[in-house]
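Work through the exercises below with the structure open. Try each task before reading its solution.

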Amino acid sequence: MNDAAERAEEVAADSAVADEVGHVPGGVTAEGELVAPVLPKGLRRVPRGVDEVATEHLVVNMGPQHPSTHGVLHILLELDGEEIIAAEASLGYLHRGIEKLSEHRRYAHIGTLLDRADYLSGIHTETAFAMAVERMLEIEVPEKAWWIRCLLAEVNRIASHLVWLGTFGLDIGAMGPFLYCLRDREQLLDILETVTGARMMFNYVRPGGVLMDLPPETEPMIRKFLSTFDKYMSEYDELLSGNEIFLRRVKGIGIISPETAVAFGLTGASLRGSGFGWDVRKERPYGIYPELDFDIPVGSVGDCWDRYVVRMEEMRWAAKLTTQLLDGMPAGDFTAKVPRVLRPPAGEAYAAVESPRGELGVHVISDGSDKPYRLKIRPPALYNLAVIDEVLPGYKIADAVAIVGSLDIVLGEIDR
Amino acid sequence: MLPDVTALNRVLAGVSGAKVLEEGPGVVCRVPFDRVLETMKALAGEGGEFDMLVDLFGTDTGEAIDLTWHLRAFGKDQEVYVRSFVPYDAEVASVWSVYPAALYSERETAELLGVRFPGHPNPKRLLTVDEIGSFPLRKSAAIRERADYARPGVRVTPKEGGDADE
């Protein structure tokens, strides 16, 4: 007999069985034996429809080139249908070894590396590093230098929050606010460029003070921006804060309790959104912040909406602080007398500032030479991001985008 | 801001080999590396109330890895540094069950300095890849020096008066 005839015989025998017994569902017998299903003629499987309940878990790679991942974030999501079962951030796409490189640079050259850590708010990282070095060298920073630092820090805070606001809107699906935010941020970058000579990589705050005095055209530029900022804020409010779709996407989504926030080391607006009012500017005051009059906006529930409101309020306060800083700008030196080559005595110092993302600390350990023995950046965004392992499970995949957007991460700082 | 040394000594009375010193960036609890988890439990518990891990990092001292845990107590507004010398081939118990903030920084410390943290629920690499072949933040891991940039036919002259901008 040839193969074809054999095969035809087998098929005929199978059909005969099926004819006799009708439909036999497959399964496992009580003895643990596997029984193959016997189906009616002409069918390959039982037409049971789509099982909507017992779906297989699926691992989805979100990023590193997804438009809503803010740079090169890569999140691994384990999904049951649309629901997230487990989440994990896969990082390191932007790791440049800034901490290791800093060990091979003189103190004066490190600012340029630190700008590239948190590339949206370079002034803050530079200030934290300058503070740590000043503590070790016991340099008295002139008052005016601190006023300039704080002025630029607040201008930089608004610029950074505007990027967050635009991209957060993009995450939710609102294209418009992004264009408005970047339009207004451009003015702030022009101000920063006038003062420091660079739009983002400033290298302007140096140990002992700042690089240059404020040029005379700075004040009118900032005042012009502030005169229109209220109008801009109401534009953003009209575009997002009152948008029904936006509200449905952020209210009650991504709730972080204060206990979770503290356990994962959240700082900044992500911590304050959970109702925990802790701000480095108030609790560990530096510079001239004790002399300024400002409030810390605090949320209540800890959902995306609270974090959104806190950041929006922070922008309004930053604008008010900028006005105060311009009004009170003293005369005097913009830098202390510092040696050309800095050699802090053996020892260490930790200095923290309130960056737009939270407590940004720089821990410098010196062995007495002209290069740091060890430099550690405390990246607020890394700790803020770590909370997704806890918060994302239980939400839908579309909410993951909203939650990560509300945490305001900058991958340059997370990966360093 | 600075915690009381005698009060901390009382909290750490059960941890053998723990010393509380005022040095470095503030108040430092120097503990043996196999007593770290015990120390964290004591500091997070009653009397310590340190509820947040601000940061975790290691320093290669040339003889061992000096690990630093920076803790903060919001209620008492205090900060303390827990430090421990870890030999190069030793293991330190993961403190994630006390401070979940350590989850990512322990992974980072493990790959950059070669300290292992048994008990970590997800001990993967965080920032680097498997092929890296060394622990970058150890002092033995060199970065490229001026001479390493030499190409055939290109002469790299050492800069006069030191290495101002290497």
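**Exercise 1.** Which residue of β5(A) is the bridge partner of I75(A)? Place the pair in its sheet.

*Solution.* This is a predicted model. Start with the residue: I75(A) has A89(A) as its bridge partner in β5(A). Next, take the strands. β4 of chain A covers residues 74–80 and is joined to β5(A) by 7 bridges. The two strands run antiparallel. Now widen the view. The open sheet has 3 strands, ordered β3-β4-β5 in chain A, with antiparallel pairing. β3 (57–62) and β5 (83–90) of chain A each have a single partner strand, so they are the edges. From one strand to the next, the twist averages 20°. Last, add the helix: α15 (residues 397–407) of chain A packs on this sheet and touches β3, β4 and β5 of chain A. Its direction makes about 150° with that of β4(A).

**Exercise 2.** At roughly what angle do the axes of α7 and α12 of chain A cross? Classify the pair.

*Solution.* Read the angle: roughly 155°, with the axes coming within 11 Å. Apply the cut-off: angles over 145 degrees count as roughly antiparallel. α7(A) and α12(A) are therefore roughly antiparallel. Their crossing is left-handed. Residues in the contact include L226(A) and F229(A) of α7(A), and A319(A) and L326(A) of α12(A). By class, the contact has 7 nonpolar, 2 polar and 3 charged residues.

**Exercise 3.** How many residues of chain B are in contact with chain A?

*Solution.* Count both sides: 22 residues of chain B meet 27 of chain A. Then find the main source on chain B: β3(B) gives the largest share, 6 residues. Sort chain B's side by class: 15 nonpolar, 3 polar and 4 charged residues.

Note on methods:
Residues are numbered from 1 along each chain as its sequence is written. Chains are lettered from A and ligands numbered from 1 in the order in which they are written. This is a predicted model: local features need pLDDT of at least 70, side-chain atom pairs count only at pLDDT 80 or more; totals for chains, interfaces and linings use all residues. Axes are lines fitted to C-alpha atoms, for helices over the stretch in contact, and angles run from 0 to 180 degrees between N-to-C directions. Helices (H or I, at least four residues) and strands (E, at least two) are DSSP runs, numbered from the N terminus. Angles under 35 degrees count as roughly parallel, over 145 as roughly antiparallel, 65 to 115 as roughly perpendicular and the rest as oblique. A crossing is left-handed if the near helix is turned anticlockwise from the far one by less than a right angle, and right-handed if clockwise. Two residues are in contact if their C-beta atoms, placed from the backbone, lie within 7 Å. Ala, Val, Leu, Ile, Met, Phe, Trp, Tyr, Cys and Pro count as nonpolar, Asp, Glu, Lys and Arg as charged, and the others, Gly among them, as polar. Two strands pair if DSSP finds at least two bridges between them.
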